[in-house]
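Here is a short report on a protein fold. Look at the structure first, then read on.

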Amino acid sequence: MPNAFDPITVGPLTLPNRVAMAPLTRRRAYGDGLSATPLMVEYYRQRATAGLIVAEAAQPSRVGQGYTDTPGLHDTAQVASWHPVTDAVHHAGGRIYTQLMHAGRNSHPELLGGGLHPLAPSACAAEGVVRVHGGEPAVRKPYPIPEALTMQGIADTIADFADAAANAIDAGFDGVELHGAYGYLIQQFLSGNANRRTDRYGGSVAGRVRFPLDLVDAVAARIGSERLALRISPGCTAFGLDEPDLHELYLTLVDGLPRDLAYLHVFEFPGHRDLTVKLREHWSGVFMLNPHETHHDWPAGPRQLRLVDDGLADILSFGTLFISNPDLVHRLRVGAPLAEADETTFYRGDHRGYTDYPCLEEALS
């Protein structure tokens, strides 16, 4: 059996190792129009020894934004701003995907601006509060009731993702990961309480998986299946989601995906190892896992390297540890001590004074 430091083929890429950097929201897109910045160039360049970097989530449209200072990939200025990032990673010998994330109902009109209102499968508000501007002190407001997407709105949203994926390739990314996890738009369609639709995109398991399957097909048609991946987090209850028929739901989803996707990325929530095993059995392609068998396995670390040897995963993704250990692959390979991220700054809202990796932001991996 291979180990975590053996090479692997992912689509057209040959990765030198099986240690991936998971996407981590950093909220450092301080450039005009939420574009990438020099700080982001250095941040990703430093981590180019990862077998694959999956960059922080970028919104595919203005209405897809869910946090302050998160980058986009929906206009020409944003695309141009990502070129220094992808160039720096490639010049350092690395490979980098982007992640596309639509926040869905997890947003607010004051964050979006321009008269926009959050869109979702149904008019059901998320649980919690959202930060609505990037200054200090922070202003947070309850999530509003979103507008339910019409059938035309669903088609337009899928088209936005396909356009943003093409933009990502134009920006120099090696591929695209669709964010179907953590309670954002794709998982909202999978949810039984956020998705109360009675049309073909709701109701039964077959209806609730239709949006992600249609989305994957549309983006694959645009950039090629071999450069496309999907991330899921079965059992995630973020923002008040509930997923009835959990095993049937995700096995149906995975069985419906194109077999030639670059990889399937599973963020494992504690207590769901049995489902992870079943998903691995159902998925014949490259299986990337961010493992958390129990609450004690958070964050994923060196003890999980055995999962490649055991055959549960082809690639392991690590999130938190990459923040404080840019050379994580080397440290894992030789068994060197690992630095811990500074938890006191995980939720700081403005990092313009920092030079590297002091905070994790709203999304933990």
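Contact here means heavy atoms within 4.5 Å. The model is predicted.

Start with Y44. Leaving aside its neighbours within four places in sequence, Y44 is in contact with M21, I53, A55, E56, W82, V85, V89 and I96. Y44 also belongs to the largest nonpolar core, which has 85 residues. Y44, L73 and L178 have the most contacts inside that core. A second, separate core has 16 residues, including Y143 and F269. In soluble globular proteins, nonpolar side chains tend to be buried together.

Now the strands. Eight of them close into a barrel, in the order β3-β4-β5-β10-β11-β12-β13-β14. Their pairing is parallel. From one strand to the next, the twist averages 25 degrees. The table lists three of the pairs.

| Strand pair | Sense | Bridges | One bridge pair |
|---|---|---|---|
| β5 and β10 | parallel | four bridges | T98 and V176 |
| β10 and β11 | parallel | five bridges | L178 and L230 |
| β11 and β12 | parallel | four bridges | I232 and V266 |

From β11 the chain crosses through helix α8 (residues 246-256) to β12, and this β-α-β crossover is right-handed.

Is β11 enclosed or open? Five of its five residues are buried, so β11 is largely enclosed by the rest of the structure. L228, L230 and I232 are buried on one side of β11, and A229 and R231 are buried on the other. In a regular strand the side chains alternate between the two faces of the sheet.

Notes: Residues are numbered from 1 along each chain as its sequence is written. This is a predicted model: local features need pLDDT of at least 70, side-chain atom pairs count only at pLDDT 80 or more; totals for chains, interfaces and linings use all residues. Side-chain values use heavy atoms; hydrogens and water are left out. Two strands pair if DSSP finds at least two bridges between them. Helices (H or I, at least four residues) and strands (E, at least two) are DSSP runs, numbered from the N terminus. Axes are lines fitted to C-alpha atoms, for helices over the stretch in contact, and angles run from 0 to 180 degrees between N-to-C directions. A nonpolar core is a set of buried Ala, Val, Leu, Ile, Met, Phe, Trp, Tyr and Cys residues joined through side-chain atoms within 4.5 Å. Buried means under 20% relative accessible area, exposed over 50%, partly exposed in between (1.4 Å probe, protein chains only). A crossover is right-handed if, with the strands pointing away from the viewer, the path from the first strand over the helix to the second runs clockwise.
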